[in-house]
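Reader: Please take a close look at the aromatic rings. Then place them in the wider fold.

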Amino acid sequence: MAIRIALLIALSCAVWGVRALGGAPDRHVPIAEAAASALAAGPSAFQEGADVRETVRFLEAKVRSDPEDANALNKLAGYHLQLLRETGSISDLEAALQAAHASLASVPVVRNADGVTALALGQFASHDFTGARDRARELIRFDPSKSYPYAILGDALVELGEYDDAARAYREMARHSGGVDANGEPRLARLAFLHGDGSGAARHFTNALALAIRLAVPPRETIAWCQWQLGETAFAEGRYDAAEQYDRDALASFPNYFRALGSLGRVRAARGDVPDAIVQYEAAIRRFPDPTYVAALGDLYELAGRDADAAAQYALVEAIGHLSAVNGVLYNRQLALFYADHDMKAGEAYADAKHEYAVRRDVYGADAVAWTALKAGRLTEARSAARAALRLGTGDARLLYHAGMIARAAGDEPAARDYLRRALALNPQFDPLQAPVARIALER
């Protein structure tokens, strides 16, 4: 149960990636000190590093001796999902799904809630959001008094763009959990940010961090994840000093955390220190070659005049995206946006974005369709998709920038001027290559 709850706190939120959650609180120093104190006081609630791998090997041996041991299979799935969250390893995702399926083959769904939960979380992590939604509904039918199935259901519905239904699921989650808890607060923060409520998002996410710190054995990675997201919050609002401090706090809580390393590279680039930004991105990619970080490193190499190195990173983005069927699903949107940002393969990028949006109709999916449609010469569709991307009032400079460039291409200068001004006012260095384009377009 402890593994399940901790996974729900952080893993289900991990797909949100580098999207920020809104306005950060003014309580950074006390929270950072509390985190440091709590982590120094005792061991992590999770095992870490080699210890987790050792437990995985033990459970694998147990399963080999008894392939129908559903309890061992469920634990094995949970530890692989933990490693996925910590390292981003696709092999751990595949192993978690395999263990969950084996568990459910051994013990039927009606007597195996942990197996269904593991499968739902694995499906969510692999971007099978309809599958995760359906598994969550199964869990609710079996026992509607539990809160965690509503958390999984709400997460899946958010990614599918069904925001009103997601809000209802989160209300049920809160009702069955008794109110404010570490499992619910990050989700409420996400929903608040998507609806343009930065202060509400900050309040919920600060609560999540404070609750994680207060646990008897604070989970290091969960605390680092919260600190990293607060850094993302600060970055989205152009508060680069605060963003950098949160990223460094996350690295202190969970050393070599690849998410915090990547975000630190981005904020160092925003502050004009391209050499150090390159160092941070290189460190992140050594831990896990996420295509977003690989592409960003390529952009910085280009700015530094290292054209051959930039070309190598851009080629790597494509290689990672096409490495396997799982990669193709996980990184479809990232690859489409990469092509659009770099004026490459416009038709392919548009087709990929459109295909995903047929199922996953969230605001960021609409934005991907809008941006790739513009590059593919489909201006009418780009304008319609841009309106869909902004339908909740989400405060994200990239969404505003894309809408501005689309309006500019359509000859709607007042709208273009408004969107571009808002993007640059919100986060003037939102991207080392795209922000200068936005400024030039606004000046012209």
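Author: First, a term: a residue is buried when its relative accessible area is under 20%, partly exposed up to 50%, and exposed when over 50% (1.4 Å probe, protein chains only). The model is predicted, so local features need pLDDT of at least 70 and side-chain atom pairs pLDDT 80 or more, while totals for chains, interfaces and linings use all residues. Numbering starts from 1 along each chain as its sequence is written, and side-chain values use heavy atoms, without hydrogens or water.

Now the rings. The structure has 12 aromatic pairs (ring centres within 6.5 Å; planes under 30 degrees apart are stacked, over 60 edge-to-face, the rest tilted). One of them joins Phe-235 and Tyr-240: centres 5.4 Å apart, planes at 50°, so this pair is tilted. Phe-235 and Tyr-240 are both buried.

Another joins Phe-258 and Phe-288. Their centres lie 5.2 Å apart and their planes stand at 70°, so the pair is edge-to-face. Phe-258 belongs to helix 14 (residues 258-270), and Phe-288 sits in the loop between helix 15 (274-287) and helix 16 (291-303), so this pair ties together parts 30 residues apart in sequence. Helices here are DSSP runs (H or I, at least four residues; strands are E, at least two), numbered from the N terminus. Phe-258 and Phe-288 are buried too. They also belong to a cluster: ring pairs link Phe-254, Tyr-257, Phe-258 and Phe-288.

Step back to the chain. It has 25 helices and 0 strands. Of its 444 residues, 59% are buried. Take contacts (heavy atoms within 4.5 Å) between residues at least 6 apart in sequence: 63% of these join residues at least 24 apart.

Helix 10 (residues 185-194) is a case of burial. Here 9 of the 10 residues are buried, so the rest of the structure largely encloses this helix. Glu-185, Arg-187 and Arg-190 are among the buried residues, as are Leu-191, Phe-193 and Leu-194. Gly-196 follows helix 10, with a positive phi near 80°.

Last, a helix pair. Helix 20 (residues 346-357) packs on helix 21 (residues 363-375) at about 155°, with the axes 8 Å apart. The two are therefore roughly antiparallel (over 145 degrees; under 35 is roughly parallel, 65 to 115 roughly perpendicular, the rest oblique). From helix 20, Ala-346, Ala-349, Tyr-350, Ala-353, Lys-354 and Tyr-357 meet residues of helix 21 including Gly-365, Val-369 and Thr-372.

Definitions and conventions:
Axes fitted to C-alpha atoms, helices over the stretch in contact; angles between N-to-C directions. Phe/Tyr/Trp six-rings, centres within 6.5 Å; stacked < 30°, edge-to-face > 60°.
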